[in-house]
Amino acid sequence: MIVILDFGSQYSELIARRIRETQVYSEVISYRTTAEKLVTLNPKGIILSGGPNSVYDQVAPHCDPEIWQLGIPILGVCYGMQLMVQQLGGEVQRAQLAEYGKASLSIDNPTDLLTNVEEGTIMWMSHGDAVTKMPSGFEVLAHTDNTPCAAIAHHEKKLYGTQFHPEVVHSLGGQALIRNFVYHICKCEPTWTTEAFVEEAIREIRAKVGDKRVLLALSGGVDSSTLAFLLHRAIGDKLTCMFIDQGFMRKYEPENLVKIFQESFHISVEYVNARERFLAKLKGVTDPEQKRKLIGHEFIQVFEEESKRLGPFDYLAQGTLYPDVIESADTNVDPKTGERVAVKIKSHHNVGGLPKDLRFKLVEPLRKLFKDEVRKLARSIGLPEEIVRRHPFPGPGLAIRILGEVTDKRLKILRDADFVVRDEIKQQGMYHDFWQAFAVLLPIRSVGVMGDQRTYAYPIVLRFVSSEDGMTADWSRVPYDLLESISNRIVNEVKGVNRVVYDITSKPPGTIEWE
């Protein structure tokens, strides 16, 4: 495997995903991991991630300097390269010109790391510091107009660095560079496959669960549905699926979910109607973090109550994914200074919302997978395409697509508007053109006119994005006629709405969901 030492970059998990695309296993670990511990992991290569700090900051995170003597190939990315330079005797200073966004790469030495990377290829820059003096034995592999040391190497020690981010989709030659590091430099073999994951996951589930019973929080999405199939294959009837209808699902979804699983898959589902208690919990609540945590806590309360009726159960299974974990975690807090080198973006209901006194033990076999890997897994174990290609839907559901307080009236408005969005893109054969397409309800009202009468109603925001993994996303360039038909239907069919707007923000700087 390849290990990634995480210095707080929001893209650390993305590096792992890019490596897995080469069918080589990768794992993200803390930058504090000692050289001694790294040796026990037996990695073929080490990657040092980017990060929000400057290496010369007083509280800048540093890795164990002994890693440079391990003889294991190392690639430093952005902050990781600067740290390598500093710890090995070079110098890093604030750059005269910061560099953010696309940059054309001029290649000085097309060997090793840059084999088959095209001259002039676009790479993605995001840095305010620059290497001003390289350590002994290093040479420049590539430069850009603003960065003299865009890629560097110590060939004998197999130490490499890039000032750009090869892991992001904007770096057109990035994956070729990563493949060079993984295959040619680290000598890895492509053994990380879906089949291998299924075998390993089933072994781990059986070893962990034994003869105990497992309760699965089923939502109907590809994550929990894949998990249901995987768990059923591993432990059979020791699995009980429970669907809690919290009242925040999309139109017709609760009924369809139970029907599909019980009639088509022959997997028993316990349906629990908890709409009123969830809505009561959110009465008067407007803060999005509080919403998520209240919903997460209420989920567990319902599970515990229902499990006593059906159980007992020792384990709670969840379809937690890598992006959930990275966005929820207050990661890499320095124990001495308290400095946090990664910033929490938002809590996810199945990560940050879980209470500390959780009675269940957790089973999360998908925790290390990205969404595209889950879809590959789903297909390999026989899930139908209608579930495999279902648009991602957040655990808290429509509650975090209503900004401000969640009420019955607002839920009905948003549910009807969201149905129009999904119905239109399906009718026009464009459902699979988008990673996600949905409606958001804003807690404001504006003046309009209908039938010569003044209206004072809510606006609906349309959010359409394209993405590969949910870690980054771009707003979709939707045809005007589609936007027009959706807008016309919403203002005519959904009572309480008189205005429709379109969100043209990418991630970053925005997130896909509004809350």
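This section describes the domain arrangement, the annotated active site, the salt bridges and the backbone geometry of a predicted model.

The protein is divided into three parts, with domain 1 spanning residues 2-184, domain 2 spanning residues 194-388 and domain 3 spanning residues 401-502. Between domain 1 and domain 3, the C-alpha centres are separated by 42 Å. Eight residues of domain 1 and four residues of domain 3 take part in the contact between these two domains.

The size of an interface is often expressed as the accessible area lost when the parts come together. For domain 1 and domain 3, the buried area amounts to about 460 Å², and carbon and sulfur atoms give 58% of this area. On the side of domain 1, the residues Leu14, Arg17 and Val169 together supply 62% of the area that this domain buries against domain 3, which is more than any other three residues supply. With respect to specific interactions across this interface, zero salt bridges are found between domain 1 and domain 3. Likewise, zero residue pairs in polar contact are found across the interface when both residues are required to have pLDDT 80 or more. The side of domain 1 that touches domain 3 nevertheless includes four charged residues, alongside three nonpolar residues and one polar residue.

Within the unreviewed UniProt entry, the annotation "active site" covers Cys78, His165 and Glu167. These residues are spread over 90 residues of sequence, yet they cluster in space, with a largest C-alpha distance of 11.2 Å. Of the annotated residues, His165 is located in the loop that runs between strand E10 (159-162) and helix H4 (174-185).

Across the whole structure, 26 salt bridges are present. One of them pairs Glu305 with Arg277, and the closest N and O atoms of this pair are 2.8 Å apart. Glu305 belongs to helix H9 (residues 288-310) and Arg277 to helix H8 (residues 275-281), so this salt bridge ties together parts that are 28 residues apart in sequence.

The backbone was also examined for unusual geometry. Most residues other than glycine have a negative phi, and most peptide bonds are trans. Asn116, which is not a glycine, has a positive phi of about 65°. This residue, Asn116, is found in the loop between strand E6 (106-107) and strand E7 (122-133). Cis peptide bonds occur in the segment after strand E20 (497-502), where Pro508 lies. There, Lys507 and Pro508 are joined by a cis peptide bond with an omega of about -10°. The peptide bond from Pro508 to Pro509 is also cis, with omega near 10°, and Pro509 likewise lies in the segment after E20.

Note on methods
Residues are numbered from 1 along each chain as its sequence is written. This is a predicted model: local features need pLDDT of at least 70, side-chain atom pairs count only at pLDDT 80 or more; totals for chains, interfaces and linings use all residues. Side-chain values use heavy atoms; hydrogens and water are left out. Domain bounds come from an automatic or database domain assignment. Contact means heavy atoms within 4.5 Å. Buried area is the accessible area (1.4 Å probe) that two parts lose on being put together, summed over both. A salt bridge is a side-chain nitrogen of Lys or Arg within 4 Å of a carboxyl oxygen of Asp or Glu. A polar contact is a pair of N or O atoms within 3.5 Å; within protein, one must be able to donate a hydrogen and the other to accept it, and residues adjacent in sequence count only if both atoms are side-chain atoms. Ala, Val, Leu, Ile, Met, Phe, Trp, Tyr, Cys and Pro count as nonpolar, Asp, Glu, Lys and Arg as charged, and the others, Gly among them, as polar. UniProt positions are given in the numbering used here, feature names are shortened, and annotations may be inferred rather than shown by experiment. Helices (H or I, at least four residues) and strands (E, at least two) are DSSP runs, numbered from the N terminus.
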